[in-house]
Amino acid sequence: MIDQLLHLLPYAFVQDMLLAGILVSIVAGLVSRFVVARNMSFAVHALAEVGFTGSAGFILIGLSPVLGLLSGSLVTAFFIGALGLRIRERDAVVGVVMAFGLGLGVLFITLYTRYATEAFTILFGAITTVSQGDLMLLVVMAVLTIAGLGVMYRPLTFATVDPVVAEARGVPVRLISILFLLLLAAAVAEAVQVVGVLLILTLLITPGATAERLTAQPGLATVLSVGVALLATLGGILLALVTTVPVSFYVTTIAFACYLAARFVAPALGRFRAGSTDN
Amino acid sequence: MNTNRIGLSSGAPANFPTSPEEPAMCFDRATLAYGDRVVWSELSMTVPRGEFLAVLGPNGSGKTSLLRALLGLAPLASGSLDVLGGPPRRGNSAIGYIPQHAGFDRDVPLRGRDLVGLGVDGHRWGFGRLSREDRTLVQAALEAVAAGPYANEPIGRLSGGEQQRLRIAQALVGDPQLLLCDEPLASLDMRYQREITELIGGWARDRRGTVVFVTHDVNPVLGYADRVVFVVNGRWAAGPTDEVLTSETMSGLYDAPVEVLRVRGRIVVVGEASGAGFDIDEPHHFPEPARAHQ
């Protein structure tokens with residue numbers, strides 16, 4: 001198996017895939033911290049499912065499924081943002097938008113029954129089958145998302161953990177919510193390429209949820225979150241290359257194992273959670 | 001709209017002794033409204049620097065809105081307001097803010113030290129990491145409120161009093177001139193109430209800082225407050241504590257007989273039940289106003 005991997009690694013498409021995997025992991029690790037803290041699991045799900053509709057629509061008219069996904073999730077983010085940002089109404093709005101979006105998806109699949117494999121790919125993910133051009137598109141999108149998250153990381157953190165004081169200190173909390181929603185849409189479109197629409201939460205929730213269990217230090221938690229996403233994604237891609245099981249199975253399994261370890265093994269290690277150094 | 005008001009000695013800003021510098025804040029016929037609902041109207045009051053202002057009144061009377069106006073988050077419908085020599089503006093770093101105590105989720109990945117750090121740089125864009133000087137500031141703020149021993153613990157695991165000390169450190173780390181406190185004593189027991197009030201009052205005294213302290217119970221701050229403003233039903237009364245908290249003024253504000261008693265150094269406000277039912281067993285709760293005439 002190792003031999004097989006060493007044999008594959010020099011290939012350009014394998015390296016591109018790993019590069020895309022690394023960038024998507026960084027995005028997922030960063031974003032999942034905020035998805036967990038802001039209770040946005042349901043929004044992630046909706047962005048992914050309507051992303052599927054966008055993807056199906058784009059394939060139907062002969063355009064890139066990756067761009068379709070991005071368009072679908074961005075439009076959804078726009079609707080969620082425009083219709084309701086307050087926690088109380090957000091879930092309902094997300095549900096309403098998602099239901100209609102999926103309805104459109106049903107129409108598109110019906111229209112392109114000949115491409116059932118592609119629908120399967122989008123639902124369950126298969127970065128190993130993404131075309132060279134889309135892979136490069138994915139890399140560009142991921143770099144832009146990381147840059148966006150980098151710019152708003154601090155005020156986003158402030159607005160997430162301490163919104164009242166953040167607003168008093170001049171942080172534009174409403175603008176931050178909208179910007180985050182748009183970045184989340186991009187992150188969803190990227191992570192879907194690896195694990196698929198139905199398994200999206202494994203990259204956009206599990207890393208952040210795992211990190212929270214390990215430390216109360218926000219900076220360290222973000223690093224750990226990215227670490228878990230990297231481990232799951234790269235491990236998944238490499239294992240999928242040498243076996244016949246899809247990437248997403250490996251990614252979800254590795255991520256889940258990390259979470260279980262954080263829940264049950266880390267507490268046994270004692271003081272890890274409190275963090276004892278300054279900053 | 002209810003425009004009745006009781007202007008005490010603070011009615012016109014000019015009535016106050018002029019200080020050599022700008023006052024900390026100056027309301028001039030200021031009216032705040034959300035849509036059609038007037039929160040308070042024609043409020044005129046000047047607070048010199050270094051004073052401790054207690055903001056009193058029943059729930060929903062616009063005490064928090066007064067802080068939001070000072071923070072530049074709630075624009076006035078009419079009138080004017082100057083804060084530290086200029087109009088209110090968002091993100092004024094000369095203002096520290098302690099929000100209503102809500103308590104942190106048990107598992108939120110945040111330490112006390114991080115909360116205070118956000119007070120230094122949380123509003124800046126970028127990834128960032130506190131510089132050495134900033135970390136020194138954070139450490140000093142933590143020590144000033146004696147929060148050092150638990151600064152690295154997850155904040156959700158701390159007691160209400162400990163969290164509130166961290167809030168004070170967060171508000172003071174930027175060395176503000178004006179400190180706005182929104183019910184900082186709510187849900188704290190007597191011992192913590194005393195400690196927190198002493199921390200805030202002590203800061204004001206030592207740094208000649210100005211404090212605006214929203215509270216539904218005036219008693220914990222009686223020893224600190226230089227003046228009070230009482231808001232109820234869109235009306236207000238402002239001035240030195242002894243002039244505002246009298247049976248006569250309060251009866252006028254409520255438009256109903258209200259008795260202000262001084263018992264063993266505490267102030268107790270009692271009124272005739274007017275539908276809302278004054279709770280005499282809990283004398284520190286100001287009676288809800290009768291709203292029938294609105």
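**Notebook: chain B, strands, helix 7 and the chain A side**

Started with the strand pairing in this predicted model. Strand 1 (residues 25-34) of chain B runs antiparallel to strand 2 (residues 37-47) of chain B, and I find 7 bridges joining them. To fix the register, I looked up Ala33(B): its bridge partner in strand 2 of chain B is Val38(B). The hairpin made by strand 1 and strand 2 of chain B has 2 residues between the strands. I checked the backbone there, and Gly35(B) has a positive phi near 65°.

Next I asked which other strand pairs with strand 1 of chain B. I got strand 4 (residues 78-83) of chain B, again antiparallel, with 5 bridges. For a register here I noted Cys26(B), which stands opposite Asp82(B) of strand 4 of chain B.

Moved on to helix 7 (residues 247-254) of chain B. Which of its residues are buried? I list Met250(B), Leu253(B) and Tyr254(B). Looking down the axis of helix 7 of chain B, I see these buried residues fall within an arc of 90°, so they line one face of the helix. That fits the usual geometry: an α-helix has 3.6 residues a turn, so residues three or four places apart point the same way.

What covers that face? I looked up the cover over the buried residues of helix 7 of chain B, and it includes strand 8 (227-232), strand 9 (235-239), strand 10 (258-263) and strand 11 (266-271) of chain B. One more note at the end of this helix: just after helix 7 of chain B, Asp255(B) takes a positive phi of about 60°.

Then the other chain. I have 29 residues of chain B in contact with 30 residues of chain A. On the chain B side, helix 2 (residues 112-121) gives the most, with 5 residues. Sorting the chain B residues that touch chain A by class, I get 13 nonpolar, 7 polar and 9 charged.

Last, how far to trust all this. The model scores ipTM 0.87 and pTM 0.88. For chain B the mean pLDDT is 85, with 85% of its residues at 70 or more. I marked two stretches of chain B with low values. Over residues 7-19 of chain B the pLDDT stays under 50, and the model has 25 contacts beyond four places in sequence for them. Over residues 274-284 of chain B the pLDDT is also below 50, and I note 19 contacts in the model beyond near neighbours in sequence.

Technical notes:
Residues numbered from 1 in each chain as written. Chains lettered and ligands numbered in written order. Predicted model: local features only at pLDDT ≥ 70, side-chain atom pairs only at ≥ 80, totals over all residues. pLDDT = per-residue confidence, 0-100. Contact = placed C-beta atoms within 7 Å. Buried ≥ 20, exposed ≤ 12 C-beta atoms within 10 Å, placed from the backbone. Helix = DSSP H or I, 4+ residues; strand = E, 2+ residues; numbered from the N terminus. Arc of directions from axis to C-beta. Nonpolar A, V, L, I, M, F, W, Y, C, P; charged D, E, K, R; others polar. Pairing = 2+ DSSP bridges.
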